[in-house]
Every structure is written in C-alpha cells, then in structure tokens.
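Here are a few exercises to work through with the model open on your screen. Try each one yourself before reading the solution.

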Amino acid sequence: MQKLLLLGAEAIAQAAIDAGITGIFAYPGTPSTEITEYVQNSKQAGEKKIRSAWSANEKTAMEAGLGVSYVGKRAMVCMKHVGLNVAADAFVNSAITGANGGLIVVVADDPSMHSSQNEQDSRFYGKFAMIPILEPTNQQEAYDMVHYGFDLSEKLSIPVLLRITTRLAHSRAGVAQKPERGQNELRLPSDMRQFILLPAIARKRYKGLLANQALFLDDSEKSGFNKYIDGPDKSRGIIVCGIAYNYLMENYPDRNVPFPILKITQYPAPRDMIERLVGACDEILVLEEGAPMIEELLKGFLSIGLTVKGRLDGTVPRDGELNPNIVARALNLKDTYGQDIPDLVAGRPPSMCVGCGHIDVYNALNEALNEYSKGRVFSDIGCYTLGALAPYNAINTCVDMGASITMAKGAADAGFFPAVAVIGDSTFTHSGMTGLLDAANDGSSITVLISDNSTTGMTGGQKSSASGKIEAICKAVGVEEDHIKVLKPLKKFHEENLKIIQEELAYPGLSVIIPRRECIQTLGRRMRI
Amino acid sequence: MKKDIILAGVGGQGILTIASVIGLAAIEVGLFLKQAEVHGMSQRGGDVQSNLRLSDKEIASDLIPFGQADMIISVEPMESLRYLPMLSKEGWLITNTQTFINIPNYPAKEDIIAGIEKIKNHVALDAENIAKEIGSARAANIVVLGAAAPFLDLDYNLLENALNTLFGKKGEKVVGLNLAALKAGHDFAMEKIEGRG
Ligand SMILES: Cc1ncc(C[n+]2csc(CCOP(=O)(O)OP(=O)(O)O)c2C)c(N)n1
C-alpha cells in the first residue's frame, strides 16, 4: 500500500479509524485539534458511521468515551494538555473502573507553550492514575501505537494514555497503514459492578489496579516499543524518551551512537532495562521532552551514588522543548548556528484580525470603563485574550477556561465594584456557565460580556456548543431577563453599545451582555464556498 | 541528497502551499520527507514558519538544526531575516520583497532590503508584481517557489507535475497561471545566478 503523508495528529486519527473505533470525543485545543477534525472529514469514518462531533469540554468527552468503553466498543478521547486538568476527575477514576472496550486518551502537550498557558507534562497524569502510557517518537510509531494501545487496553482492561507533543502532532511524514479492523459488538462488562465506584467496590478495584502494575510493567519490558540499543562506549548511557530520540539521532548522521541507549516510549518505565543500563554505564544522561520525570525517578531525593545528567543539573535547559542543538550541547558535540537576527527585525505577535467583532467590544468596553479605576476586567481564553495587547490593553486576567466569570464573582464578593468578565461563546459553554450559576445563586454584582463570534475561533473555527443557546442558558441559571442584553459589535453601533455597557456596569446586580457578530474568518470561508 | 528548507511568512500568506508542491515533487521521486508546521495561535497574523526536510535517507528530527538549513524561502522580506540563525553558511535566501505590514513598528523597507543584500547567496524579487503581470496576484507564492526551484535539486518538471496535481481540480486556467508563475520566478533566479558569472 502507498504511504500516506500525514501529520502526527492525522496518523493517530487514521489509526483510530483503522483500529475500529466507534466514536471519537474531544474538545478542540492546539496541538490536538487535527485528530478529531481528520475523523470528521474522513469519508472512511463517515461510511463506518464513526461518531465525531465536538464535545462541550474535555470532561464530557472523557466520560462519553468511558461510556463507549462500558458497552464494549472502542473509543478515542483527545485533548490538549490543560484539557486533561478539566477531564482529570473522570480520567483518574477511569483507572479504577478500568476499561471494557478499548479506550485511548490522547493528550497533546505543548512544551515551549507555542499556544498554551503552561507546559505541563501529561506523563505525570498517566503515572498518577497508574495506567500505561505510550509516547511515540514519530508519525509511523504514532499510527502503530494506536493499534497496539487498543489491544493493550482490552487485554489489560485499562484505559491507555497516548502522549504526544506539538512537534509530532504538527509534523508530516509518510505513514504505512495496517489492515482495517471492524468495530466491536455491544458487550457489557462481565462484572456488572465494575463501574460502580462506591467505596467498598472502589477499594477492591484499586487493589486490583495496584496488583496489575506488575502486568503493565511486564508489557513495557516486552512489547518491543522500549528498546535497549547497546554501544561500545560505556562512559555514558543515554535514556531518551519519545521524540527526543529523533534529536539524538540527528546528531549522528550515520546513526551510530557510541553510547548504550535506552529508548523509552512505553510506561511504566521499564525497570529491568533501566537497571541494565545503569549497571553497564558510568553515568546516565536523560533526554526527555517535557518535565524531568525519568530523571527525577533515577536521581531520587538524595542523589546517592549515580551521576544523572539532564534538566535538573543544567545539562539540558530546565524548561522549553528540545531540539537537535540542545542535544548536541548536552553531548559536547559540535553545535551549529547561522547568523544573528538583524536588530531591525521586529516581533510580530499574533493579533485580532482586521474586522474582528472582539475589537469593537473592547473599544466600547474600554470607553465605558474610563470613569472607573483600572484593573477591572477578568477575561478568559480565546481570540479575545489578544485584547491584552496594545493598543487595547483591555483585560487584566487570563488563567484557565471559565475563570473569567468566577474570578470576577470572587472579586465582587470581596467588595470590588464594578467587576467585569469577558468570555467567548465556546468557553462559556465549556466551563463558564456553571460559574454564572454560582453568581446568580449568590446574587453577585458582576457584568459578564459573552463575546459571541459563533465559533471556537482561536483553534481554527470549530463548531461552538453554545450556538443558539446562550440567552436561554443565562435565563435558566437565573440571570434576570431585563439584564440580558444582546448587541451587535460594529463601529456604527458604537454609541448605543457604549450606553448599554455603561448602564449594566452601573447596575448593582448580575447582568450579561452578549455582543454577537460572526467571526470574520468563518464568515470569509462560508462566503468562498 | 539532503535539502533542509525553512519556509517563512505571516499567518494566512499560504506558505503551506509551497510546502505541498515541494512535498509532492519529492514524494514522486521517492525521497523521504518531514515537514513541521505551525498551527494555532500564531496563525492569527503572527510570524509562521515551517521546517521542510527532504532526503534520500531516513530523516531523524522534525526540526532542522540551527545553522544547517540549505535554504530559506520566504514570502515576506522581514520574515526572511528572522530565520537567519537557521541558515548554513553556504545556504540560499530566497524572498519576496513585498512587505506585509500589520505591526506599528515595522522597519523601513530599504533597511530590510539592505539586510537581505548582506547575505552572500540570495534572490530577492517582487513576487506580487511579477504575479500580477502574469494575471494573478494570488500566485505570488508560486513565483517565490519558482525562484527557489534552481536550488532545490529536484527536476523542474517534477514541480510542474506537482502544480498539476495540486491545482488540477480548479481547472486548466488556474494550473496555467501557476505554471507561468513558477516559470517567471525560475527565470528571474536563473538570470540572477548567471549574472553573477
Ligand atoms: C482546557 C482548555 N481546553 C482547550 C483550550 C484551547 N482553547 C483555547 S481558546 C479556545 C477557544 C475559545 O473559543 P471562544 O471562547 O468561542 O473564543 P474565540 O476564540 O472564538 O474568540 C480553545 C478551545 C484551552 N486553552 N484550555
């Protein structure tokens, strides 16, 4: 079969289709979005009736995936790294329930924070939940590991975490496909209490999970994904995790590394292999994309006896993603560099598009807030976060999805008035609406602007779960109808919009303003078709 | 054979089309390929780049090491300079000279051009104007690709085939325009190389 030229994200999606998933569940988030989009656009997935629409957030996605697994079918759940914080309750508990049909949770980390607010390493979550983790080094391995992961998940009755990072998700290479597999038949768990985590049952299942660690470890040692590659020079052994392997190999054009290497792409970390490497070599260099997880494991708290180099001793920078040059320096190999960027080159940060409705919202809001002291705008995550930059300088916070409404509420509860929240439509239904319920129940005096561009803009214009429902949700959670105001953010309506915002800011109670105008990117795309 | 290429531009300028054409041509002759793209936040009018690697041997890293790129292909002049740390001493810089100004502190165009001219191996051309003369300003990126063609170590007709494959669905006229754009860029670069003697 001819190889397909696929992004890492797409290779994972194609593999999921070929491995017989019944559904994929996800909320968009860079760099994970393309996995689900690929399934949504795939003819093959359409013919197989694979369910693929966007979920409201990562937690609902994770739970729906677990439901598919409960009835014996295969599901994939996808998210960016911070999405796993949102899904964490379901994720960690799914290790206790275990899986029935195969369940893979794909989490895409973003070291160096190309499009994220932190660079947390999801392997820690996998370790915390005590489930197997797969960490592919390249697109082909990503494809193969999805097939393997589903089999593993069913063999060991456990969800499997597939961890990738930005470079793999967004890099293209040739991928060879495996034969297609059909979907599972409906088959409920043989133990009908498996998924009831009452303490008495959960305690039993947790002991089972602990006992199964030996099986997970055994698989890590034997599956063939972890590789011990011997080398003649034992002055140093190299442990290299996931995509870091590529950067190591890049430094040896003939691919002959003089040192013994342990390539880790499956966890729990393979203990026998690690012991063999440590026993054979004078010191260990650890190269991992993300936080120093293996390095800490080896070093231990007291660092007795073994020399371990990596991110903790400065051999490799403590933060940021790896690259071939960083690895060259860690190995004292020749480093290369072109020439410096001329001083005249100016930064070109991302910005709101010309004609974006969020701009009109900020122009009106800034003017309305002129009469008050600064620092009143609690915002959220989306294109509108770019209102933090000049010339708008319009917002004062951006922490995690949904935190605008709740932080404004907290500030208001502490006596700060007026407090304003600015949130997007997709973020509102992701995790803003529960905070609005709190505000309504508490009678908190805040003004919430739900800047509705009718799409999930920042991640490329995916369908928003909020579409057509925002006013009804606000009313239902208890916002008074008189204080739900819809306006059209256009220059020509500036004066009337300003007046509405001024009035609601002055109102000592809960109000919601919904500036609504379609994202000009999605509008442009619609017009072109 | 090994070609490591940095593609540069501003989000929305279509550098990925250039990558697709080169990619299709490379695959036709059985080369290995890796192409790391930038998706997400910086696509909102920020600077974007793509690492495109071709080789007759398996490629290890998705990222090109600093100082080892054989070529920078840029559809925007200031962006072409942003990736100089990646370029090898003998590498080529191929860039459009039409500026894309969406920041208040954009430098003077003469200074940018002077910066480009300091690079030993460079081709700088006004791709927009050349594309307009052919009949479609939208083909400016293909003009830039054409200017890079002599340095790609890929047969010229492979690039033509790739344009046919990529634009075939849009009809003969679009294919024709793009072929003409490719040739115009190519001819410009050839003149420049030969002019140097
Ligand atoms: C927990 C979590 N999931 C996903 C993301 C990725 N993400 C950032 S912004 C955004 C879209 C927000 O859409 P919306 O609120 O409608 O605002 P818009 O970008 O359209 O202005 C998403 C999905 C994230 N940062 N955090």
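**Exercise 1. Work out where the side chain of Arg123(A) goes and what surrounds it.**

Solution. Start at the tip: the side chain of Arg123(A) reaches the backbone oxygen of Ala291(A) at 3.0 Å. Keep in mind that this is a predicted model.

Next, look for a side-chain partner. There's a polar contact of 2.8 Å between the side chains of Arg123(A) and Asp121(A).

Now place the residue: Arg123(A) belongs to helix H6 (residues 123-129) of chain A. Its relative accessible area is 0%, and the cut-off for buried is under 20%, so Arg123(A) is buried.

Finally, list the company it keeps. Setting aside neighbours within four places in sequence, Arg123(A) is in contact with residues including Ile133(A), Glu135(A), Arg163(A), Cys241(A) and Tyr267(A). Glu288(A), Glu289(A), Ala291(A), Met293(A) and Ile294(A) are also among those contacts.

**Exercise 2. Find the buried side of helix H11 (residues 271-280) of chain A, and say what it packs against.**

Solution. Pick out the buried residues first: they are Met273(A), Ile274(A) and Leu277(A). They span an arc of only 100° around the axis, so they sit on the same side of H11(A).

Then turn the helix around. On the other side of H11(A), the exposed residues are Arg271(A), Asp272(A) and Gly279(A).

Last, check the packing. The buried residues of H11(A) pack against two helices, H9 (199-222) and H12 (293-299) of chain A, and against strands E8 (227-229), E9 (237-241), E10 (261-264) and E12 (283-287) of chain A.

**Exercise 3. Which rings do Arg236(A) and Arg276(A) lie over?**

Solution. Take Arg276(A) first: it lies over the face of Tyr228(A), 3.6 Å from the ring centre. Arg236(A) lies over the face of Phe259(A), at 4.9 Å from the ring centre.

Now put Arg236(A) in context. You'll find it in the loop between E8 and E9 of chain A, and its relative accessible area of 12% makes it buried. Beyond its neighbours within four places in sequence, its contacts include Phe259(A), Pro260(A), Cys281(A) and Glu283(A).

**Exercise 4. Describe two of the aromatic pairs, one from chain A and one from chain B.**

Solution. Count before you choose: there are 5 aromatic pairs over all chains. In chain A, Tyr70(A) and Phe195(A) are edge-to-face, with 5.1 Å centre to centre and 85° between the planes. This pair links distant parts of the chain, 125 residues apart: Tyr70(A) is in helix H4 (residues 58-70), while Phe195(A) is in the loop between strand E7 (171-175) and H9 of chain A. At 27% relative accessibility, Tyr70(A) is partly exposed.

Over in chain B, Trp92(B) and Phe151(B) are stacked, with 4.1 Å centre to centre and 25° between the planes. They are 59 residues apart: Trp92(B) is in strand E5 (residues 87-96) of chain B, and Phe151(B) is in the loop between helix H5 (140-148) and helix H6 (156-167) of chain B. Trp92(B) is buried at 13%, and Phe151(B) is buried at 10%.

**Exercise 5. Which residues come nearest to the ligand?**

Solution. Of the 26 residues around the ligand, the nearest are Glu58(A), His358(A), Thr427(A), Asn453(A) and Gly457(A).

Then go through some ligand oxygens. One lies 2.7 Å from a polar backbone atom of Gly457(A). For Cys383(A), a ligand oxygen is 2.8 Å from a polar backbone atom. With Asp425(A), the partner is an N or O atom in the side chain, 3.1 Å from a ligand oxygen.

Key:
Residues numbered from 1 in each chain as written. Chains lettered and ligands numbered in written order. Predicted model: local features only at pLDDT ≥ 70, side-chain atom pairs only at ≥ 80, totals over all residues. Heavy atoms only, no water. Buried < 20%, exposed > 50% of the residue type's maximum accessible area, 1.4 Å probe, protein only. Helix = DSSP H or I, 4+ residues; strand = E, 2+ residues; numbered from the N terminus. Arc of directions from axis to C-beta. Contact = heavy atoms within 4.5 Å. Phe/Tyr/Trp six-rings, centres within 6.5 Å; stacked < 30°, edge-to-face > 60°. Lys NZ or Arg CZ within 6 Å of the ring centre and 35° of its normal. Near = heavy atom within 4 Å. Polar contact = N/O pair within 3.5 Å; in protein donor to acceptor, adjacent residues only side chain to side chain.
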